[in-house]
Structures are given as C-alpha cells and as structure tokens.
Amino acid sequence: MANDGPVEHGYPHLETVRAAITALYKRLSYDTIQTFPTSVLPADVAFCDTDDLYLGAQRVAHELVRHYRLPDARLIVSFREMRHAANVELAAGPEYFVELNDRFRTHRRDIGAALAHEVAHVYLHRLDLSFPGVRDNEILTDTATTYLGAGWLLLDAYREDRASSQKLGYLTPEEFGYVLAKRALVFGEDPSVWFTSPQAYTAYVKGMELARRDEQQPPLTAAGWAGRRRYAHDRRHAQAAPPQPGVRYSFTPDGGGRLRVSFPCPTCHQRIRVPVRGRVRARCALCRSVLECDT
C-alpha cells in the first residue's frame, strides 16, 4: 500500500500480468471465466461513515464471497496497525481471518478494495493456483481480482495529488487499467462509469490503449503498416536471423521444412502456431477467440 509515498507507474510487471491471464484461462477454463460477466457493483460494497465498522466490513466481505461463488467461506474481519493494506490467513477453511490496516477505520470507502484482493487470495487458494515467489503471486492475485470483476475497486482506490497519494495492490495504476481493459474487451463492460478517482480513469484509458495494441500486432490483419512491413522483413530473413527484440512473434520450420509462425493470442496470451501461407483464420483453443491473420 502506497500511503503518501511514491506511486510506481508504467508496466514493469506486464509479462507476469499476461502470464497470470493465461494461467486463469488454463486453470478455470473459458466456460468458468464466462460466468463472471458482471463486475461487483458499487452499491454492493458501498460503505457509509455512519455504518458500524465491523458489521459493515462483514457485509462487504460477504458480498465479495458471493461474487467469487464461495458460499461455504466465511471471512472474519479485524483491524490492526500494519505495513500492508490487509492480510488473510489461508487455512483449510471454511473460516478465514482477514486483518485490515487501521487506516481503513477512517478510509471506509476503500474497504471493499482491500477485501476484494484478500477474497481473491482465498479463491485462488481453493483453486490451488499460485505463482512462485511472493511478488509474482501477489501480481497473480491482483490480476485475478481484476479480470474476474472486483479489481476496478483497487484501481478506484488510487488517488494522487501534490500533497498525498494512495494506491492499493501490487500492480501499477496503468497495469490495473490494462487488465480492466482486457476484461472490458471480453465482456463489453465499461467500468469507467464507476470510478470516483480521476486518476483511476486516466490509468484505465492508458491501459485500454495498450490492450488495443495487443489486437494490432502482426500477423493479425489489424496490424498497422509499420508492423506489417517489419513482419514481412522478419519473415524473409527468418531462416538466417534470430528473432528481433521487441516483437512477440517467432518463426520455426515444421517437420516438412515449411515455415510456421507463433504469436500470443491477444485475449489470453496463449501462444498460437499457424502455417506461413498468407491469409488464415486461427482459433485459440484456450479462450476460443477467432483471429484473422495474414502470415
């Protein structure tokens, strides 16, 4: 939690975020991900200053448990002084003890954001889905929280001005915006209407720009002129030169000596391999996206 400290920007964790989206599709399947078409609504996690602190926190926790479809999980919420925003004890269940930073006693509007991340920890724990290392596992949790419809709360908790700053989660604001945009492109949902933080909206717009660029990379037919020209050059020299830095496609010969190109699916980032033979239509076996390619 950045509390009046510097907020990191940009995309330093982008490859881990993309790997997390792939891992979600692999572990949950396309069909299960499609059962999360609606994000957590603001009214479901609203917290008024006149609400009882503990009863209100339990109510919000219950709504998030319901969103993740964990009906037999019960969260016991408490508050204490700590460095991080929150912590959850991942035991066998069905009860899970969540501690929230004392800061949330007076910043109640962000309790939903903190709990969204912790309930996602419980969800992934039950799925037995994790990444090695604390940092990468927290990035996986932020990505899952966002892609499954509760992470807009984390981005909306980001606020920054000349005098103060606050950010929850391990992703940068732009990375949260990127994952939100990837979700929006899949479900046709616009989370920006729920933002109360102008900085969150700006980060979402930047994330959407990057997510759109994923759909405009060669060999996809939506690639721009410069990308197509570079791709054609790399294809001609594929046998003699190693892959160039900055490109996500690669060429390899198949068993018959013919050339094939592999590239990441713009939706789930699973790599797809197709023959180099001009216009082809590829279907991602993981997320079922149908891609128009010019190889």
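## Close-up views of a predicted model

**View 1. A hairpin built from strand 7 and strand 8.** Five residues separate strand 7 from strand 8 in this hairpin, and in its turn Gly257 has a positive phi of about 85 degrees. Helices (H or I, at least four residues) and strands (E, at least two) are DSSP runs, numbered from the N terminus. Strand 7 covers residues 250-253 and strand 8 residues 259-264, and the two pair in the antiparallel sense over four bridges; pairing here asks that DSSP finds at least two bridges between two strands. If you would like a place to start looking, Pro253 has Leu259 of strand 8 as its bridge partner.

A word on the model before we go on: it is predicted, so local features need pLDDT of at least 70 and side-chain atom pairs count only at pLDDT 80 or more, while totals for chains, interfaces and linings use all residues. Residues are numbered from 1 along each chain as its sequence is written, and side-chain values use heavy atoms, with hydrogens and water left out.

**View 2. Helix 1 and its surroundings.** Helix 1 takes in residues 14-28, and its 15 residues should span 21 Å at 1.5 Å a residue, which agrees with the 21 Å between its end C-alpha atoms. The expected span is 1.5 Å times one less than the number of residues. Of the 15 residues, 11 are buried, so helix 1 is largely enclosed by the rest of the structure. Buried means under 20% relative accessible area, exposed means over 50%, and partly exposed falls in between (1.4 Å probe, protein chains only). Among the buried residues are Leu14, Val17, Ile21, Leu24 and Leu28, together with Arg18 and Tyr25. Their cover includes helix 2 (30-33), helix 4, helix 5 (134-147), helix 7 (173-187) and helix 8 (198-214). Just past helix 1 comes Ser29, with a positive phi near 85 degrees.

**View 3. Helix 3, from its cap to the residue after it.** At the N-terminal end of helix 3, Asp52 acts as a cap, with a side-chain oxygen 3.1 Å from the backbone nitrogen of Tyr54. Helix 3 runs over residues 53-67; at 1.5 Å a residue its 15 residues should span 21 Å, and the end C-alpha atoms are 21 Å apart, which agrees. The buried residues of helix 3 include Leu53, Val60, Leu64 and Val65, as well as Glu63 and His67. Strand 2 (74-80) and helix 4 (111-127) are what the buried residues of helix 3 pack against. Just after the helix, look for Arg69, which has a positive phi of about 60 degrees.

**View 4. Glu189 and its contacts.** Glu189 sits in the loop between helix 7 and helix 8, and with a relative accessible area of 14% it is buried. Its side chain makes a polar contact of 2.5 Å with the side chain of Ser39 and another, of 3.2 Å, with the side chain of Arg183. A polar contact is a pair of N or O atoms within 3.5 Å; within protein, one must be able to donate a hydrogen and the other to accept it, and residues adjacent in sequence count only if both atoms are side-chain atoms. Leaving aside neighbours within four places in sequence, Glu189 is also in contact (heavy atoms within 4.5 Å) with Pro37, Thr38, Ala184, Trp194 and Tyr204, among others.

**View 5. Salt bridges along the chain.** The count comes to 17 salt bridges, each a side-chain nitrogen of Lys or Arg within 4 Å of a carboxyl oxygen of Asp or Glu. One of them joins the side chains of Arg126 and Asp72, at 2.7 Å from N to O. Arg126 lies in helix 4 and Asp72 in the loop between helix 3 and strand 2, so this pair ties together parts that are 54 residues apart in sequence. Both partners are partly exposed, Arg126 at 31% relative accessibility and Asp72 at 43%. Arg228 and Asp294 form another salt bridge, with their closest N and O atoms 3.5 Å apart. This pair links distant parts of the chain, with Arg228 in helix 9 (residues 225-236) and Asp294 in strand 11 (residues 290-294), 66 residues apart. Arg228 counts as buried at 19% relative accessibility, whereas Asp294 is partly exposed at 23%. Elsewhere, Glu15, Arg18, Lys182 and Asp214 are joined into one network by salt bridges that share partners.
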